[in-house]
Amino acid sequence: MTHKNQLIVGDNLTALQRLGESCAGAVRLVYLDPPYNTGSDKGHYGDRSTPERWAQMMRVRLEAIRPLLADNGVVVAQVDKHEQATLKILMDEVFGRAHFVTTIAVRMSGTSGFKIEHTGKTIVKNTEFLHVYAKRLEL
């Protein structure tokens, strides 16, 4: 069965569960931008969870993604420093450590000027991380 490109906006767990019925083995790219668990409630969703609850929320979604991946499928998940280590461990467990491709550190902003002058006693956030896994890793 050939599938057209799809962009799904909304509750990702519900979407993943519905896709599981018709798209098993057909998805070539999954990009995840989960809550970063920063402790704030800004934006369209709350971003305050215990580390255990955040990990469980992510595990369920990662496990729903795994059967959807095509043989040449790739999963990319972007997070900041708050949960990047936890996400890497979860992805190792769900997709297998042998399927890890790389972690890309992305510079999101510079650490100078106005941003530095108004940080108070915190460290400036200027990097986010993309964990990349492939269903079938061929080097």
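A residue is termed partly exposed when its relative accessible area lies between the limits for buried, under 20%, and exposed, over 50%. In this predicted model, Arg59 falls in that intermediate class, because its relative accessibility is 23%. The partner of Arg59 in a salt bridge is Glu63, with the closest N and O atoms 3.9 Å apart. Glu63 is likewise partly exposed, since its relative accessible area is 36%. Both residues belong to helix H2, which spans residues 51–65. Within this helix a spacing of 4 residues, about one turn, separates Glu63 from Arg59. The pair is also part of a wider arrangement, as a network of salt bridges links Arg59 and Glu63 with Glu93. In total, the model contains 6 salt bridges.

A further group of charged side chains involves helix H3 (residues 84–95), where Asp92 and Lys88 are located. These two residues form a salt bridge in which the closest N and O atoms are 2.8 Å apart. Their positions in the sequence differ by 4 residues, so that about one helical turn lies between them. Asp92 is classed as buried, because its relative accessibility of 15% is under the 20% limit. Lys88, at 16% relative accessibility, is also counted as buried. Asp92 takes part in another salt bridge, with the side chain of Arg97, at an N to O distance of 3.9 Å. In terms of accessibility, Arg97 is exposed, because its relative accessible area of 64% is over the 50% limit. The salt bridge between Arg97 and Asp92 therefore joins an exposed residue to a buried one.

Side chains of opposite charge can pair when their charged atoms come close. Glu83 presents a case without such a pairing: this residue is buried yet has no salt bridge. The nearest side chain of opposite charge to Glu83 is that of Arg53, at a distance of 12 Å. Because a salt bridge requires a nitrogen of Lys or Arg within 4 Å of a carboxyl oxygen, the separation of 12 Å between Glu83 and Arg53 does not qualify. Glu83 is placed in the loop between strand E2 (69–79) and helix H3. Apart from neighbours within four places in sequence, the residues in contact with Glu83 are Tyr36, Asn37, Pro51 and Trp54.

Notes:
Residues numbered from 1 in each chain as written. Predicted model: local features only at pLDDT ≥ 70, side-chain atom pairs only at ≥ 80, totals over all residues. Heavy atoms only, no water. Helix = DSSP H or I, 4+ residues; strand = E, 2+ residues; numbered from the N terminus. Buried < 20%, exposed > 50% of the residue type's maximum accessible area, 1.4 Å probe, protein only. Lys, Arg positive; Asp, Glu negative; His and termini not counted. Contact = heavy atoms within 4.5 Å.
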